[in-house]
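Here is a short report on one protein model. Please look it over with the notes below.

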Amino acid sequence: MPNPWTGTGNPYTKQEVVDRLKATLAKGEPIIAAGAGTGISAKFIEKGGADLIIIYNSGRFRMMGHGSTCGLMAYGDANAIAMEIGEYEVLPVVKEIPVICGVHATDPRRRMWHWLGRVKEMGFSGVNNFPTHTIVDGHFRGVLEETGMSVQKEFEMVGLATRMDLFSIVYVATPEEAIEMAKNGADAIIAHVGTTVGGSIGVTNAVVSWDHTVKVTQDIIDAAKSVNPNVFTLTHGGPINTPKDVELILSKTTADGFVGASSLERMGVEDSLTTLTREFKKVTRG
């Protein structure tokens, strides 16, 4: 059912979001989820027909003209930023599709049950684990794991969201993480293969190959499905940037769809504003 107070739109229950996504797949369409860092982005992403809108702190930095990796740095309160974008920009303009809130689950200053209660009260229909430590590796990942900021807290947040009837769509970087997320009730699992390539602030050297992207994505999908055959699986990042890229990865894996953040929001702004400005500059003075 839609919002019980207004008759339309957010918030949706966990099952209602699941049913909407199943309906998309039943029509033979891929699930398309889009990151939004501003209200106007969300407004026109909805108009374009996206199935979900996800808000997290990287969206704000992305739309400031900075790399999405800013969202992993100590440049602000990630949870507060996501909540602010949702409350004042996105939720007031999105009419109908579910809006998901990015949650920094390892923030030691939050009582996670309390924070998820505020997320739900604000009118979000679900949660996403961002910033996520799943995409941190090497020595620093080990330090995080040993000093109380473990990815285990992200798994626990998803388990808590499940008990609170919040839909969850989560990033993972490995099959092992996919298994743990599925065990905790994640509804949709995103195979994150790295920062998106391309555009003015996309990576150019820290890239992964298409062969690697396909293998890792399918390994993650298989791991998630081994726990819950009904879990939705999506792709994200690395060389997957354009609609043709998405068509390619969907043809080579069993993924249900794609999550676009930089590839949808940032690339759209970069290309359209540059082209439009050039068109204005071509105007003659009569």
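How many salt bridges does the structure hold? The structure holds 13. A salt bridge here is a side-chain nitrogen of Lys or Arg within 4 Å of a carboxyl oxygen of Asp or Glu.

## Basis

This is a predicted model: local features need pLDDT of at least 70, side-chain atom pairs count only at pLDDT 80 or more, and totals for chains, interfaces and linings use all residues. Residues are numbered from 1 along each chain as its sequence is written, and side-chain values use heavy atoms, with hydrogens and water left out.

## Salt bridges

E96 pairs with R20, with the closest N and O atoms 2.5 Å apart. E96 lies in the loop between α4 (78-90) and β3 (99-102) and R20 in helix α1, so this salt bridge ties together parts that are 76 residues apart in sequence. Helices (H or I, at least four residues) and strands (E, at least two) are DSSP runs, numbered from the N terminus. E96 is partly exposed at 32% relative accessibility, and R20 is partly exposed at 26%. Buried means under 20% relative accessible area, exposed over 50%, and partly exposed in between (1.4 Å probe, protein chains only).

Two other pairs each sit within one helix. R141 and E145 meet at 3.0 Å, N to O. Both lie in helix α6 (residues 138-146), 4 residues apart, about one turn of the helix. R141 is buried, at 17%, whereas E145 is partly exposed, at 32%. K183 and E180 meet at 3.8 Å, N to O. Both belong to helix α8 (residues 175-183), 3 residues apart, again about one turn. K183 is exposed, with a relative accessible area of 57%; E180 is partly exposed, at 27%. Elsewhere, D77, D107, R109 and R110 are joined into one network by salt bridges that share partners.

## Pocket

The second largest pocket holds about 440 Å³ of space. It is lined by 20 residues, and the closest to its centre are L72, M73, A74, H104 and H133. The lining has 10 nonpolar, 7 polar and 3 charged residues. Ala, Val, Leu, Ile, Met, Phe, Trp, Tyr, Cys and Pro count as nonpolar, Asp, Glu, Lys and Arg as charged, and the others, Gly among them, as polar.

A pocket is found on a 1 Å grid over the protein atoms alone: an open set of points where a 1.4 Å probe fits, with protein on both sides within 12 Å along at least five of seven lines. Lining residues have an atom within 4 Å of a point.

## Surface patch

L276, F280 and V283 make a nonpolar surface patch of about 330 Å². Patch residues have over 30% relative accessible area and no salt bridge, and nonpolar side chains are joined within 5 Å. L276 lies in helix α11 (residues 262-281). L276 is partly exposed, at 47%.

## Backbone

Which residues do the cis peptide bonds join? One joins N10 and P11, with omega about 0°. Another joins F130 and P131, also with omega about 0°. P11 lies in the segment before α1, and P131 in the loop between β4 (126-128) and α6.

D165 has a phi near 65°, a positive value in a residue other than glycine. D165 lies in the loop between α7 (152-163) and β5 (167-172) and is partly exposed, at 33%.

Definitions and conventions: Patches are made of residues with over 30% relative accessible area and no salt bridge: like charges are joined within 9 Å, nonpolar side chains (Val, Leu, Ile, Met, Phe, Trp, Tyr) within 5 Å. Accessible areas come from the Shrake-Rupley method with a 1.4 Å probe; for residues, only the protein chains shown count as cover. Grid points are joined across faces, edges and corners, and a volume is the space filled by probe spheres set on the points.
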